[in-house]
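Biologist: Could you take me through one part of this model in detail, please? I would like to see how a helix and its neighbouring strands are arranged, and then how that part sits in the whole chain.

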Amino acid sequence: MDTVDELKLISGLKVKLNEPLAPYTSIKIGGPADYFLAVEDRLALARTLELLCRHGIPFCLLGQGSNVLVSDRGVRGAVLRLGREFKEALWTEDNGAVVALVGAAYPVSRLVREAARRGYSGLEFAEGIPGSVGGALVMNAGAYGSEIEKIVDRVEGVTAQGEAVGLERGQMLFTYRSSNLPPGTIVTRVHLRLTKDRAEAVSQRIRDLVTRRKKSQPSGYPNSGSMFRNPPGDFAGRLIEAAGLKGRKIGTAQISERHANFIVNLGGAKADEVRGLMELARAEVRKRFGVELEPEVRLLGEWPEENTSGAYIPHRRNRTG
Ligand SMILES: Cc1cc2nc3c(=O)[nH]c(=O)nc-3n(C[C@H](O)[C@H](O)[C@H](O)COP(=O)(O)OP(=O)(O)OC[C@H]3O[C@@H](n4cnc5c(N)ncnc54)[C@H](O)[C@@H]3O)c2cc1C
């Protein structure tokens, strides 16, 4: 039986071949994935990973695609997207402490709204951050001086071989826009610790942040959020603007006129054009200010350079580990 037939036999797995990835990303760019695998539950995930591992098929995860740039050439191997069972949230309250057990595919925007409605505080900073809870965890998403690491208690996931893993807060090494998970780990559920507050107070803090965000971020055109991490003591957007690159275009990709750390897709832009602007920004900022900008956006797929596919190549564990 060939790989596709085997995949199609897995219950709870939807298989698409040569599926264009642009619609699954916020910047609306990206070529096809050889295998696009929508995984509905844990059992399907374990069986899928076992199969990918057995066939040596590389894979990567896609959350809501709001911090990735997918190559125009697409992704060789499999792209996994978590579905139904990973979109559930369970809220518990005990003596003023609140714990939310949230599936990795749960949208962050919905989580923020739901916490506010229940009068739970701790997630206000995440208002306006698109994406899934799994993506937010992996990226250690944050804004306005807070990050998801501050409210994470525990992470549930599976290894690339499909074995369940649990990581306690102290076992995780969060850094700026990264959670440094062991390579190949798939986040399935996150335990968040919140505090009880008045619903109106939480909502008011959220409204204040909405106003701040609207003033600073480009709206209207598809984008992937911040392209570069802020270097220590400075802002990537400030440096790119000071290098005179605000509004610069390659094809129909443009360094935003509103915020220079955003690249917007004016319509039909290619990933290569976005990369071109990123390289231009890095080169100019390096030349003028001696600062090396590091991409925040994750590159997925086939790029000319080695080691930038973002894919994990599974291999079976040998007995000596
Ligand atoms: C308009 C806009 C504003 C933004 N503002 C902010 C902001 O203020 N602060 C901020 O931090 N970010 C911001 N972002 C970036 C982005 O929203 C966050 O990084 C978000 O958390 C990414 O989640 P996602 O589900 O879209 O992940 P994706 O973009 O799909 O994936 C990001 C990375 O996580 C991996 N991944 C996703 N899910 C899993 C999983 N379950 N298990 C293992 N790996 C996984 C992917 O392989 C990839 O490497 C913004 C983006 C946009 C478009």
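Modeller: Happy to! Helix α7, residues 271-289, lies across β14, β15 and β16, and runs at about 25° to β15. Please keep in mind that this is a predicted model.

The strands under discussion make an open sheet of three, in the order β14-β15-β16, with antiparallel pairing. In general, strands of a sheet pair through backbone hydrogen bonds, either parallel or antiparallel. Strand β15, residues 253-255, is joined to β16 by three bridges, and I255 stands opposite I263 in β16. β14 (249-250) and β16 (263-265) stand at the edges; each has a single partner strand, so one side of each is left without a neighbour in the sheet.

Now for the wider setting. The chain is divided into domain 1 (3-85), domain 2 (88-214) and domain 3 (226-296). Between the C-alpha centres of domain 2 and domain 3 there are 28 Å.

The ligand is worth a look too. Its shell draws at least three residues from each of domain 1 and domain 2. There are 32 residues around the ligand, of which G63, G131, G134, G135 and G225 come nearest. Two or more residues of the shell come from each of β3 (59-61), α4 (133-139), β9 (142-143) and β13 (186-196). Helix α4 gives the most, with five residues. By character, the shell divides into 15 nonpolar residues, 16 polar ones and one charged.

Note on methods. Residues are numbered from 1 along each chain as its sequence is written. This is a predicted model: local features need pLDDT of at least 70, side-chain atom pairs count only at pLDDT 80 or more; totals for chains, interfaces and linings use all residues. A residue is near a molecule or strand if its C-beta atom, placed from the backbone, lies within 6 Å of it. Helices (H or I, at least four residues) and strands (E, at least two) are DSSP runs, numbered from the N terminus. Ala, Val, Leu, Ile, Met, Phe, Trp, Tyr, Cys and Pro count as nonpolar, Asp, Glu, Lys and Arg as charged, and the others, Gly among them, as polar. Domain bounds come from an automatic or database domain assignment. Two strands pair if DSSP finds at least two bridges between them. Two residues are in contact if their C-beta atoms, placed from the backbone, lie within 7 Å. Axes are lines fitted to C-alpha atoms, for helices over the stretch in contact, and angles run from 0 to 180 degrees between N-to-C directions.
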